[in-house]
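Let's take a walk through a protein together, looking at its pockets and at how some of its helices pack. Have the picture open as you read.

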Amino acid sequence: MVNGVNLNVPKKVTDEKLLNLYKQMWLIRYFDEKVDEFFAKGMIHGTTHLAVGQEASAAGVCALLELKDKITSTHRGHGHCIAKGATPDKMMAELFGRTTGYCKGKGGSMHIADVEMGNLGANGIVAGGIPLAVGSALTAKMKNEDYVTVCFFGDGATNEGSFHEAVNLAAIWDLPVIFVCENNQYGMSGSVKEMTKIENLAIRAQAYGIPGVVADGNDIVEMMNVTDEAIKRARNGEGPTLIEAKTYRWKGHSKSDAKKYRTREEEQEWRKKDPIKRFKEVLLEAGILSEDKAEEIRLVSKKEIEDAVKFAEESPMPTIDDLLTDVYA
Ligand SMILES: Cc1ncc(C[n+]2csc(CCOP(=O)(O)OP(=O)(O)O)c2C)c(N)n1
Ligand SMILES: [Mg+2]
């Protein structure tokens with residue numbers, strides 16, 4: 001069967017792809033749940049930022065990308081990595097500081113890049129990935145290469161100067177880039193309501209003469225549809241689009257966050273909009289998924305992440321000699 005009844009998804013998204021996406025969302029969730037657990041146990045050092053609750057935007061946007069297409073990511077980027085094709089075991093090994101990790105254990109959570117799969121890298125600098133994505137899109141245009149670049153960033157990043165400078169350049173040069181603002185309602189402890197006077201960050205696109213679209217970031221089907229439109233524009237040489245994905249991070253900003261800046265009621269309201277649960281309901285309704293199959297997919301995903309932890313734990317630590325390799329001195 002090609003595409004279930006009543007399911008309005010882009011043409012190239014087959015039923016098989018939809019089931020893979022359902023699995024991918026569970027992989028993203030379990031990956032971050034495990035990171036949370038092992039960070040608390042002292043097995044992961046540095047810092048981490050978890051995107052539990054934000055799975056639909058990473059999976060939905062990357063679902064429409066091809067291998068040749070690029071992404072730039074953020075400090076909250078594990079989901080983007082998995083969605084663009086990274087393997088959880090090498091990611092987990094990176095977080096555990098092991099030599100088998102994507103950066104041989106020297107980068108950690110905020111520095112995973114997977115250039116082979118088109119992931120130009122996470123970024124510890126808020127809004128740091130935006131000029132890089134525009135540079136990647138400029139390269140595509142100058143070399144006449146047919147790839148698009150997706151740039152993920154948060155609501156807080158839209159208040160940085162580099163966002164405005166980079167979006168303006170992308171707009172005037174009609175670059176093949178898609179700006180995806182994951183508005184999870186907070187930048188650290190600052191509510192987006194206190195940080196801007198506008199309700200929808202997507203209207204910032206108007207200042208640069210490009211389309212700005214507000215999307216339900218917890219609805220993977222909607223995320224696929226708005227991304228599909230933006231990709232068509234970009235590939236046709238019509239320039240960038242700004243997509244604002246309204247979503248919510250379930251966990252704290254980073255390690256040790258008591259979340260005093262928000263209410264438990266607000267958290268509960270957003271948990272009811274669980275993107276994985278919503279997607280499951282859509283797939284059940286369309287007859288693409290059954291309860292049994294859904295449970296099987298969830299358990300397979302959970303096992304895959306447990307195996308990734310095992311791989312990381314059993315991988316070697318760098319040696320003293322490794323200290324001076326692959327680093328700037
Ligand atoms: C240029 C810069 N300023 C400040 C910080 C500290 N910082 C790290 S994450 C963050 C909040 C970013 O908020 P947002 O862009 O909404 O992303 P989210 O954390 O919500 O995913 C801040 C201020 C930083 N890393 N880089
Ligand atoms: Mg935010």
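Before we start, one bit of vocabulary: helices here are DSSP runs of H or I with at least four residues, strands are runs of E with at least two, and both are numbered from the N terminus. Also keep in mind that you're looking at a predicted model.

Let's begin with the second largest pocket, since that's where the helix names come in handy. Two helices, α7 (192–195) and α9 (264–271), each supply at least two residues of its lining. The pocket has a volume of about 220 Å³. There are 13 residues lining this pocket, and the closest to its centre are Asn183, Gln185, Val192, Lys193 and Glu199. Sort the lining by class and you get four nonpolar, five polar and four charged residues.

Now hop over to the largest pocket, with its volume of about 340 Å³. Its lining has 27 residues, and those closest to the centre are His75, Val126, Gly154, Gly156 and Ala157. Which elements each supply at least two residues of this lining? They are α5 (129–142), β2 (149–154) and β4 (186–187). The biggest giver is β2, with three residues. As for chemistry, this lining holds nine nonpolar, 14 polar and four charged residues.

We've just met α5, so let's see how it packs against helix α6 (residues 161–172). The axes of the two helices come within 8 Å and cross at roughly 15°. Angles under 35 degrees count as roughly parallel, and α5 and α6 are therefore roughly parallel to each other. Their crossing is left-handed. Zoom in on the contact and you'll find Ile130, Pro131 and Val134 of α5 meeting Ser162, Phe163, Ala166 and Ala170 of α6. That contact is made up of six nonpolar residues, one polar and no charged.

For another helix pair, go back towards lower residue numbers. Helix α1 (residues 15–40) and helix α2 (residues 55–62) have axes that come within 9 Å and cross at roughly 135°. So is α1 parallel or oblique to α2? That angle makes α1 oblique to α2. The crossing of this pair is right-handed. On the α1 side, Leu21, Gln24, Met25, Ile28 and Arg29 take part, and they meet Glu55, Ala56, Ala58 and Ala59 of α2. By class, the contact of α1 with α2 has six nonpolar residues, one polar and two charged.

Technical notes
Residues numbered from 1 in each chain as written. Chains lettered and ligands numbered in written order. Predicted model: local features only at pLDDT ≥ 70, side-chain atom pairs only at ≥ 80, totals over all residues. Heavy atoms only, no water. 1 Å grid on protein atoms, 1.4 Å probe; cavity = no way out; pocket = protein on both sides within 12 Å on 5 of 7 lines; lining within 4 Å. Points joined across faces, edges and corners; volume = space filled by probe spheres on them. Nonpolar A, V, L, I, M, F, W, Y, C, P; charged D, E, K, R; others polar. Axes fitted to C-alpha atoms, helices over the stretch in contact; angles between N-to-C directions. Parallel < 35°, antiparallel > 145°, perpendicular 65-115°, else oblique. Left-handed = near helix turned anticlockwise from the far one by under 90°. Contact = heavy atoms within 4.5 Å.
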